[in-house]
Amino acid sequence: MESGISLDQRARHVRAASLIGLVVASLFSVFNLLTPGMLALGLAEIAAVLLLVAPALWLSHRPEQVVLAETLLLLSAWVIFGALIVVGGIEGTGLFWVYTVPFLAFFLKGERQGWLYSLGFLALVALYLAAVPLSWTGVYHFSPVVSIHFVLSLGFYILVAAAFNHVRSRYEAQLLQRKEQAEAASQAKSRFLAAASHDLRQPAHALGLFVARLTQLPHDAQTQELVRGVDASVRAL
């Protein structure tokens with residue numbers, strides 16, 4: 001991921017997205033399995049949950065496997081929303097669910113790979129809408145107007161997701177820069193205080209030696225009282 005965040009942070013991102021996907025996809029799979037005519041979509045969602053989302057959640061607890069977990073989670077979105085397109089869901093409310101693919105891609109993979117996964121999904125969808133329904137009689141057939149509008153709107157949401165990711169990346173970079181500046185200022189302050197403390201201790205130590213020697217010399221009562229006051233001040237210093 002290009003934002004420069006740590007593997008632990010990326011693992012937390014995957015874990016959060018996987019938990020959300022696990023709950024939502026499971027609920028929708030049960031609903032679709034119980035809905036007449038939606039068996040294929042329900043089975044696709046169950047398969048994605050068991051084979052992709054659940055393993056991604058498990059791998060998210062192992063930072064060294066975070067890249068694989070991200071990929072599995074994105075593939076689960078491809079499978080579920082691809083099935084939604086096949087059964088004709090984008091002519092209903094399923095349209096809005098498909099638009100989450102680019103946002104998930106940029107959230108998990110950053111700018112460069114976010115573009116790759118989003119445009120790859122767009123290309124596959126466009127190819128399917130253009131060619132597959134013409135040769136397959138068992139799938140949902142969209143009108144040319146619906147197909148074109150959907151491809152264009154998906155492309156628009158890819159641009160929106162990329163813009164949001166760009167703003168988020170800049171904000172993260174600014175936060176990181178300010179954190180580094182604060183740490184550098186704290187280190188400079190510590191070095192200054194250490195140097196000042198060292199420079200002050202040397203003359204204070206020498207002064208203590210001189211006062212100690214001075215107390216060993218004979219003095220009248222008034223001078224001895226003055227020497228004791230100086231000695232107390234040196235000890236306090």
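This briefing covers the fold, the surface, the nonpolar cores and three individual residues of one chain.

The model is predicted. The chain holds seven helices and zero strands. Its radius of gyration is 34 Å, against a value near 18 Å for a compact globule of 237 residues. The largest nonpolar core has 28 residues, and another core, of 15 residues, lies apart from it.

**Overall form**

- Read along the sequence, the pattern is α-α-α-α-α-α-α.
- The C-alpha trace spans about 120 × 30 × 25 Å along the principal axes of the chain.
- Among contacts with a separation of 6 or more, 67% join residues 24 or more positions apart.

**Surface and charge**

- Buried residues account for 30% of the 237 residues.
- The accessible surface of the chain is about 14,700 Å². Carbon and sulfur atoms supply 69% of that area.
- There are 16 positive and 14 negative side chains. The centres of these two sets are 4 Å apart.

**The largest nonpolar core**

- Inside this core of 28 residues, those with the most contacts are Phe-81, Ile-85, Val-98, Phe-121, Leu-129 and Phe-150.
- Four helices each give two or more residues to the core: H2 (39–59), H3 (66–86), H5 (100–135) and H6 (144–215).
- Helix H5 gives the largest share, seven residues.
- Beyond residues up to four places away in sequence, Phe-150 touches Ile-85, Ile-90, Leu-95, Val-98, Tyr-99, Val-125 and Leu-129.
- Ile-85, Val-98 and Leu-129 are thus touched by Phe-150, and they are also among the residues with the most contacts inside the core.

**The other core and Val-66**

- The core of 15 residues includes Ala-11, Val-14, Leu-59 and Val-66.
- Val-66 sits in helix H3.
- Val-66 counts as buried because its relative accessibility is 1%, and the cut-off for buried is under 20%.
- Not counting residues up to four places away in sequence, Val-66 touches Leu-7, Arg-10, Ala-11 and Val-14.
- Two of those partners, Ala-11 and Val-14, are listed with Val-66 in the core of 15 residues.
- Asp-8 is 58 residues from Val-66 along the chain. The C-alpha atoms of the pair are separated by 8.6 Å.

**Thr-71**

- Thr-71 also has its place in helix H3.
- Leaving aside neighbours within four places in sequence, Thr-71 is in contact with Lys-109 and Tyr-117. Both numbers fall in the range of helix H5 (100–135).
- The C-alpha atoms of Thr-71 and Leu-108 are 8.8 Å apart, with their positions 37 residues apart along the chain.

**Phe-103**

- Phe-103 lies in helix H5.
- Phe-103 is partly exposed because its relative accessible area is 33%, which falls between the limits of 20% and 50%.
- Apart from neighbours within four places in sequence, Phe-103 is in contact with Tyr-157, Val-160, Ala-161 and Phe-164. These partners have numbers in the range of helix H6 (144–215).
- Tyr-157 is 54 residues away from Phe-103 along the chain. The C-alpha atoms of Phe-103 and Tyr-157 are separated by 8.2 Å.

Terms used
Residues are numbered from 1 along each chain as its sequence is written. This is a predicted model: local features need pLDDT of at least 70, side-chain atom pairs count only at pLDDT 80 or more; totals for chains, interfaces and linings use all residues. Side-chain values use heavy atoms; hydrogens and water are left out. The radius of gyration is taken over C-alpha atoms; the globule rule is 2.2 Å times the number of residues to the power 0.38. Buried means under 20% relative accessible area, exposed over 50%, partly exposed in between (1.4 Å probe, protein chains only). Contact means heavy atoms within 4.5 Å. Accessible areas come from the Shrake-Rupley method with a 1.4 Å probe; for residues, only the protein chains shown count as cover. Lys and Arg count as positive and Asp and Glu as negative; His and the chain ends are not counted. The place of a charge is taken as NZ of Lys, CZ of Arg, CG of Asp or CD of Glu. A nonpolar core is a set of buried Ala, Val, Leu, Ile, Met, Phe, Trp, Tyr and Cys residues joined through side-chain atoms within 4.5 Å.
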